[in-house]
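Trainee: Could you pick one helix and take me through it closely? I'd like to know what its two sides do and what goes on just past its end.

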Amino acid sequence: MALPLLLVGSALGAVFLANEREKRHQLELKRRSGTVPVPQGKNKHVGLHPSLWQAGHKRVNPLPGTIICCFVYGVIEHTGIWLDDHTLIELHGNGLIRAVSTQRFLAGRTGSKIYIACSHDHRPLVDEDALIKAEQAIFTYREYDLFDNNCHRFVWSCLSGKEESLPGFNDLNKRLSSHFGQSIYWDEAIF
């Protein structure tokens, strides 16, 4: 009895993996052509976060004012704003807004890569006003809260000038997509 169940489970797993590969292939084709993925709900553009888009074949140089992120234990993403050579601005978990090196940004997190918000043609999306706001906030404190006043909210406040709760990365990603007026893709940073 157990053998047929194992065979059925293996077959279902193979079908699932093939389906996921096909989805990624279609997504890559849409990206190359500049086609926006099918919108959901009221959003004009659908943003894609790194766990959905990791082709691994394209690496991009970050520019000052680029939105960046990395993985934290493979479950959530941590975001910040690129400042200059190997330096970025982040809201740390203790509430301090600080400029840190790329190594410090990744320290204590499971990810070893930093991803950059890019257009479909691998160009970093830059907002110079956000960089100015982030620089002005260095060495200030915010009352940190994982779901209500986190790194995503900090990044969004630098971009929009608005203080709005963004519980998760996907919430930020959708707003980035609207802010830049296009789908957001995340390419690996060269640093």
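Mentor: Let's go with helix H3 and then the loop that follows. Bear in mind that this is a predicted model: local features need pLDDT of at least 70, side-chain atom pairs count only at pLDDT 80 or more, and totals for chains, interfaces and linings use all residues. Residues are numbered from 1 along each chain as its sequence is written, and side-chain values use heavy atoms, leaving out hydrogens and water.

H3 covers residues 128-137 (helices are DSSP runs of H or I, at least four residues; strands are runs of E, at least two; both numbered from the N terminus). Ala-130, Leu-131, Ala-134 and Ala-137 are buried (under 20% relative accessible area; exposed is over 50%, partly exposed in between; 1.4 Å probe, protein chains only). Down the axis of H3, these buried residues fall within an arc of 125°, so they line one face (the arc uses directions from the helix axis to the C-beta atoms). They pack against strands S3 (76-84), S4 (87-91) and S5 (97-101), plus helix H4 (151-160), with contact meaning heavy atoms within 4.5 Å. Glu-128, Asp-129 and Gln-136, on the other side, are exposed.

At the start of H3, a side-chain oxygen of Asp-127 comes within 3.0 Å of the backbone nitrogen of Asp-129. Just after the helix, Phe-139 has a positive phi of about 70°.

Next door, Arg-142 and Glu-163 form a salt bridge, closest N and O atoms 2.6 Å apart (side-chain nitrogen of Lys or Arg within 4 Å of a carboxyl oxygen of Asp or Glu). Arg-142 sits in the loop between H3 and H4 and Glu-163 in the loop between H4 and helix H5 (169-180), so the pair ties together parts 21 residues apart in sequence. Arg-142 is buried at 16%, while Glu-163 is partly exposed at 45%. Both belong to a salt-bridge network with Asp-148 and Arg-153.

Terms used: Polar contact = N/O pair within 3.5 Å; in protein donor to acceptor, adjacent residues only side chain to side chain.
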